[in-house]
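Biologist: I like to hear the reasoning behind the labels in a structure description. Could we go through some together?

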Amino acid sequence: MKEYKSDMVELRHNIDDLNRQIAKLVRHFPAMAGEVIKNIALGLYKDLIEATPVQTGTLRSRWAIRKLEPLTWRISNHTYYLPYVEFGVKNRGLSEDPEKRKKQLRYLFAKGILESVNGSIVYNYTPRPDSTGFIRKTVANWAKTAPNRMRSSMIHYLKRTLGAK
């Protein structure tokens, strides 16, 4: 059985409405879109750090943010036990016992928590009202408040660009 390292696990969140709003902004105001997207990414990054449960501090301290392209940011955390904290599985990670590890992985794949894509383990999440994990709650909250945050960021951009106070 192949051992999966933490840098091979990727959690993704699908927020269709927010993506459509951002795509519209990019089409009409690309320069403004860059700043709005940056503000969303940095704000979400900050909120994820604050929402991360603390036992030893390792999970919280390992959040990272990186700009990949002008309009693309990646927020990541390579702590191996992050998926287990998020989905309520024991915080110890996968068992060292090969048989137990096999059962744990089988369960995570069967429940749709993990999926194998091109040799990587990926979790694609679509928001549901019964979300319970701290990442899912934080991102779902951002999805609800994003239009107001985008509006505020756009106003700030216009004031700064036009020299208004």
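The exchange below takes up burial, contacts, the nonpolar core and salt bridges.

Modeller: Happy to. Please keep in mind that this is a predicted model.

Biologist: Let's begin with Thr 52. Why is Thr 52 called buried?

Modeller: Its relative accessibility is 1%. Buried means under 20%, so Thr 52 counts as buried. This residue sits in the loop between α2 and α3 (58–61).

Biologist: What makes the pair Thr 52 and Trp 63 a polar contact?

Modeller: Their side chains are joined at 2.7 Å, and the cut-off for such a pair of N or O atoms is within 3.5 Å. Trp 63 also appears among the residues that Thr 52 touches beyond four places in sequence, together with Leu 59, Arg 60 and Phe 134.

Biologist: And how far is Thr 52 from Ile 135, in sequence and in space?

Modeller: They are 83 residues apart in sequence, while their C-alpha atoms are 7.8 Å apart. Ile 135 has a place in another part of the story, too: in the largest nonpolar core, which has 30 residues, Ile 40, Phe 134, Ile 135 and Met 150 touch the most other members. The elements giving two or more residues to this core are α1 (16–28), α2 (30–51), α4 (82–86), α5 (98–110) and α6.

Biologist: Which residues does Met 150 contact, once its neighbours within four places in sequence are left aside?

Modeller: Those are Leu 18, Gln 21, Ile 22, Leu 25, Val 36 and Ile 40.

Biologist: Now Arg 149, please. Why is Arg 149 called partly exposed?

Modeller: Partly exposed covers the range between the 20% limit for buried and the 50% limit for exposed. Arg 149 has 32% relative accessibility, so it counts as partly exposed. Arg 149 belongs to helix α6 (residues 134–162), and a polar contact of 2.8 Å links its side chain to that of Thr 145. Leaving aside neighbours within four places, Arg 149 is in contact with Asp 47, Asn 141 and Trp 142.

Biologist: On to the charged pairs. How many salt bridges does a search of the whole structure find?

Modeller: The search finds 5.

Biologist: What makes Arg 136 and Glu 86 a salt bridge?

Modeller: The N to O distance between their side chains is 2.8 Å, and the criterion asks for a distance within 4 Å. Arg 136 lies in helix α6 and Glu 86 in helix α4, so this pair ties together parts that are 50 residues apart in sequence. Both residues are buried.

Biologist: How do you know that Glu 50 and Lys 46 form a salt bridge?

Modeller: Their closest N and O atoms are 3.3 Å apart, again inside the limit of 4 Å. Both lie in helix α2, 4 residues apart, about one turn of the helix. Glu 50, at 49% relative accessibility, counts as partly exposed, and so does Lys 46 at 45%.

Biologist: What about Lys 102 and Glu 99, where do they lie?

Modeller: Both are in helix α5, 3 residues apart, about one turn of the helix. The closest N and O atoms of this salt bridge are 3.6 Å apart. Lys 102 is partly exposed with a relative accessible area of 31%, and Glu 99 is partly exposed with 48%.

Biologist: Which residues are joined into one network by salt bridges that share partners?

Modeller: Lys 46, Asp 47 and Glu 50.

Notes:
Residues are numbered from 1 along each chain as its sequence is written. This is a predicted model: local features need pLDDT of at least 70, side-chain atom pairs count only at pLDDT 80 or more; totals for chains, interfaces and linings use all residues. Side-chain values use heavy atoms; hydrogens and water are left out. Buried means under 20% relative accessible area, exposed over 50%, partly exposed in between (1.4 Å probe, protein chains only). Contact means heavy atoms within 4.5 Å. A polar contact is a pair of N or O atoms within 3.5 Å; within protein, one must be able to donate a hydrogen and the other to accept it, and residues adjacent in sequence count only if both atoms are side-chain atoms. A nonpolar core is a set of buried Ala, Val, Leu, Ile, Met, Phe, Trp, Tyr and Cys residues joined through side-chain atoms within 4.5 Å.
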